Amino acid sequence: MAAVELKNVAKSYDGKIPIIHGIDLEIKDGEFVVFVGPSGCGKSTLLRMIAGLETISSGELRIGGDKVNDKPPRARDIAMVFQDYALYPHKSLYDNMAFGLRLRKTPEDEIKKRVMDAARLLRIDHMLERKPAALSGGQRQRVAIGRAIVRQPKVFLFDEPLSNLDAQLRQEMRSEIKRLHERLGATMIYVTHDQVEAMTLADRIAVLSAGHKMQYDTPDAIYNRPAALFVAGFTGAPPMNLVDATVSGGQADVGAGIRVALPPALAGKSGPGKLGVRPENLRLAPEAGDITVPAQVSLLEPLGSETLVSLKLGASEVIARLAASFREPPGTTVNLHLNPAHLHLFDPQSGVALA
């Protein structure tokens, strides 16, 4: 296994169209890092640059301490799992997993050992004689992962491997990949647009937007201490509520005469801002330290275990994650309770978190 280091790595086409803007990342040996962001943010391009499938316009990429900018993919000792499985339809599962090793002239007894070990790990050892057409989507993805495992590479790369699966199968495979990382202790870099996948899998997450690194931190820090407006609005399901506010005197005016007390760390701020609060931090039952603000119900979305409630708060609309039993009809005014400690404030121009 190996660490991966990106130093001011950039990518542009024809020297004119910038795609990746000088990204610095340090991925530790054995770490599981996820690149996450919306479509077109550059996450797959960045992964392909690490794999050697895209050239690096400037900057430096190191794998295991060695500079690999100019090395071809086969010389980087990486294994990549693609979104579309990329299996040979005419070959058995065994031969699909063994193919890369045979190209490298690996002895057949060593190939058999590696394939069987990987197949047992992925629980597909009972179907190695089948062809890909006889498998489900999840089983095909296990074969693709197994083909990567038998290589015993320094780094595993995953390019949105679960996006072709249905929701339930995606959840099952997500768990399998997490267990696989725990067993192998391998360095893994994983690309997804699904922030739930990112939160559940990663040791650290790199949030990307338009080719820029917005934040690189643990899932807990990304969720609870977003460094930028984009990160706050992208993570969470539903994401953080972001409300236009005017800040002065330790309070935020959110319109309609409603003023919200800010935590002490933000007491000295003044001027326009974006006030952020997570849906689960808006409550109906008061707790110690809470402040109370009136809000009007506009929409209910019952989810069985809970109800998402859209409410008019001042001049903006917010979503609260409330109990499943909440059934107040639209138009009802309720008292929302929130703790200033759970509030975030962002500069509306730069998008940077204020603290």
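Gly52 comes right after helix H1, and its phi is positive, near 95°. Keep in mind that this is a predicted model.

Now back up into the helix. H1 covers residues 43–51 and is mostly covered. How many of its nine residues are buried? Seven. They are Lys43, Thr45, Leu46, Leu47, Met49, Ile50 and Ala51. So much for H1.

H1 sits within an annotated stretch. UniProt, in an unreviewed entry, places the feature "domain: ABC transporter" at residues 4–235. Over those residues the chain is 37% helix and 26% strand. The C-alpha atoms at the two ends are 25 Å apart.

Next, an open sheet. Six strands build it, and the pairing is antiparallel. The order is S13-S12-S11-S14-S19-S20. Which strands stand at the edges? S13, residues 259–261, and S20, residues 353–354. Each has a single partner strand, so one side of each is left without a neighbour in the sheet.

Look at one pair inside that order. S11 spans residues 241–248, and S12 spans 251–253. Three bridges join them, and they run antiparallel. Ser248 has Gln251, in S12, as its bridge partner.

Last topic, the cavity. The structure holds one cavity of 30 Å³ or more. The volume of the largest cavity is about 70 Å³. What lines it, nonpolar or polar residues? The lining is ten nonpolar residues, with no polar and no charged ones. On the valine side, we have Val243, Val254, Val260, Val277 and Val293. The leucines are Leu275, Leu282, Leu313, Leu338 and Leu343.

Key. Residues are numbered from 1 along each chain as its sequence is written. This is a predicted model: local features need pLDDT of at least 70, side-chain atom pairs count only at pLDDT 80 or more; totals for chains, interfaces and linings use all residues. Side-chain values use heavy atoms; hydrogens and water are left out. UniProt positions are given in the numbering used here, feature names are shortened, and annotations may be inferred rather than shown by experiment. Helices (H or I, at least four residues) and strands (E, at least two) are DSSP runs, numbered from the N terminus. On a 1 Å grid over the protein atoms alone, a cavity is a set of points where a 1.4 Å probe fits but cannot get out, and a pocket is an open set with protein on both sides within 12 Å along at least five of seven lines; lining residues have an atom within 4 Å of a point. Grid points are joined across faces, edges and corners, and a volume is the space filled by probe spheres set on the points. Ala, Val, Leu, Ile, Met, Phe, Trp, Tyr, Cys and Pro count as nonpolar, Asp, Glu, Lys and Arg as charged, and the others, Gly among them, as polar. Buried means under 20% relative accessible area, exposed over 50%, partly exposed in between (1.4 Å probe, protein chains only). Two strands pair if DSSP finds at least two bridges between them.
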